[in-house]
Amino acid sequence: MKVKIVIRQFVKMAVQNFLLPLLYRAFRLQSVQKGLVVFADAHHFTAPASMELLVKEVKRRGNRKVIELYDDYQQISFLRLLRRMVVFMAYYAKAQYVVICDNFLPVASCKKRKGTTVIQLWHGCGAFKKFGYDTTGDIPSYYKGNVFQNCDIVTVSAPACVPHFQTAMRLPADAFRPFGVCRTDKFFKKKYNEACKKLFAKRYPDALGKKIVLWAPTFRGSPADPKLAQYEDIQWLSDQLGESAFVIVKVHPLLTKKYPYDNCTLSTDQLLPVADLMITDYSSIFFEYCIYKKPVIFYSPDVEEYGMQRGFYLDYNSLPGVAAKDKYALEKEVRRALTQGQKDCEKAQAFYEKYMCGCDGHALKRMADFICTDQQA
């Protein structure tokens, strides 16, 4: 493990365990401000996709005061980081609602007052590969404290996901609500899907008349030091398919700076309506793709090793698609799926009903109702 990563983790723990609690105790002398909603994220400079639609909807309804605090804590200076944390703690101490969508250290830094409700939207659907406290790859054993502490509500895509989220986050079962994932609402809108297809055709005229194959892998290693695998095999596949298909590479967001291999400037969400077939490995993106009831191929030459190192919540052989363990099998399955993939689509439908039923096009309304009408159900 790199020394720099370890030092960063210990600095985080020091800030979390000493500085931020002191700030919170000072700021909480103020009373809770009813109607104050704080949206915060430590991985983006603007509202991340997982909360962007909810921010807009809460603003549109007009009966809540919205504060947005976004920054990429890995990219900013230490002084700016401290300033951002001070500002957040000041609002945290008096907010009625705090909404996050990933690990967010300041939220877990202190004992939260009862008048504040923390909502964790998370950033993915379903539960496939182990995460959180179910694997050492996400939260090192030497890291003290629960990074999910103080989360009152955690949204999930279906009731079947709750047991896995519960062990991963070490939270009580009643904290998890199958409200669905807000950002998936747009996948049910005809206007959105048509706009994505038009934009893709405009950006990539060479793809006209070809089958669109989307490769969307996850990362290997830890979030602090992510690695990409199998890129050369996908290049080989693209060459083999020739003019019959257009292969799109869309790597995990953690990999984009380290591995600038994406050949598409559109977001993954914009590509889902366009793709005729998805190839992935252990990424949860296939849950979202199940909404479209299209074929999925799991390319996983290192499945045994990955399973031992990280682990899965689901049986790899029960996924809504076929698995290929080498590039030759991958090519064969891609050609089959593009011409005879009906059974794969039926698997996707059944998988959607079990693991994605909360993502029905109305998740945004349920979450906005919860915040804007103070629902406690």
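Two strands count as paired here if DSSP finds at least two bridges between them. The strands themselves (E, at least two residues) and the helices (H or I, at least four residues) are DSSP runs, numbered from the N terminus. With that in hand, E8 and E12 pair in the parallel sense over three bridges, and Leu 214 sits opposite Met 278 in E12.

A quick word on provenance. This is a predicted model, where local features need pLDDT of at least 70, side-chain atom pairs count only at pLDDT 80 or more, and totals for chains, interfaces and linings use all residues. Residues are numbered from 1 along each chain as its sequence is written, and side-chain values use heavy atoms, with hydrogens and water left out.

## The five-strand sheet

E8 and E12 belong to an open sheet of five strands, ordered E11-E8-E12-E13-E14, with parallel pairing. Strands E11 (245-249) and E14 (322-324) are at the edges, each pairing on one side only. From one strand to the next, the twist averages 25°. (Axes are lines fitted to C-alpha atoms, for helices over the stretch in contact, and angles run from 0 to 180 degrees between N-to-C directions.)

On its other side, E8 pairs with E11, again in the parallel sense, over five bridges; Ile 212 stands opposite Phe 246 there. Further along, strand E13 (residues 296-299) and E14 form a parallel pair over three bridges, with Val 322 in E14 as the bridge partner of Ile 297. Helix H6 packs on this sheet, touching strand E8 (211-215), E11, strand E12 (277-280) and E13, and its direction makes about 165° with that of E11. Touching means contact, that is, heavy atoms within 4.5 Å.

How covered is E8? Mostly: four of its five residues are buried. Buried means under 20% relative accessible area, with exposed over 50% and partly exposed in between (1.4 Å probe, protein chains only). Val 213 is found in this strand, and its relative accessible area of 0% is why it counts as buried. Leaving aside neighbours within four places in sequence, Val 213 is in contact with Ala 245, Phe 246, Val 247, Ile 248, Leu 277, Ile 279, Val 334 and Leu 338. One of these partners, Leu 277, is 64 residues away in sequence but 5.0 Å away in space, C-alpha to C-alpha.

## The seven-strand sheet

There is also an open sheet of seven strands, in the order E2-E3-E1-E4-E5-E6-E7, with mixed pairing. Strands E2 (43-44) and E7 (176-177) stand at the edges with a single partner strand each, so one side of each has no neighbour in the sheet.

Strand E1 (residues 33-41) pairs in the parallel sense with strand E3 (residues 65-72) over six bridges and with E4 over four bridges. Phe 39 takes part on both sides, standing opposite Glu 68 in E3 and opposite Val 99 in E4. Strand E4 (residues 95-100) is mostly covered, with six of its six residues buried. E4 also pairs with strand E5 (residues 117-120), in the parallel sense over four bridges, where Ile 100 faces Gln 120. Helix H3 (residues 78-92) lies across E1, E3, E4 and E5, running at about 155° to E3.

## Two helix pairs

Two packed helices are described by the angle between their axes and the distance between the axes. Here are the two pairs:

| Helix pair | Angle | Axis distance |
|---|---|---|
| H6 (231-241) and H10 (327-340) | about 45° | 10 Å apart |
| H2 (49-61) and H12 (363-372) | roughly 50° | within 10 Å |

H6 and H10 are therefore oblique to each other. Angles under 35 degrees count as roughly parallel, over 145 as roughly antiparallel, 65 to 115 as roughly perpendicular and the rest as oblique. H6 passes H10 in a right-handed crossing, meaning the near helix is turned clockwise from the far one by less than a right angle (anticlockwise would be left-handed). The H6 side of the contact includes Trp 236 and Leu 237, and the H10 side includes Tyr 328 and Val 334. By class, this contact has seven nonpolar, one polar and four charged residues. Nonpolar covers Ala, Val, Leu, Ile, Met, Phe, Trp, Tyr, Cys and Pro; charged covers Asp, Glu, Lys and Arg; the others, Gly among them, are polar.

H2 and H12 are likewise oblique, and H2 passes H12 in a right-handed crossing. Among the residues in contact are Leu 53 and Arg 61 of H2, and Met 367 and Asp 369 of H12. The class count for H2 with H12 is eight nonpolar, no polar and four charged residues.
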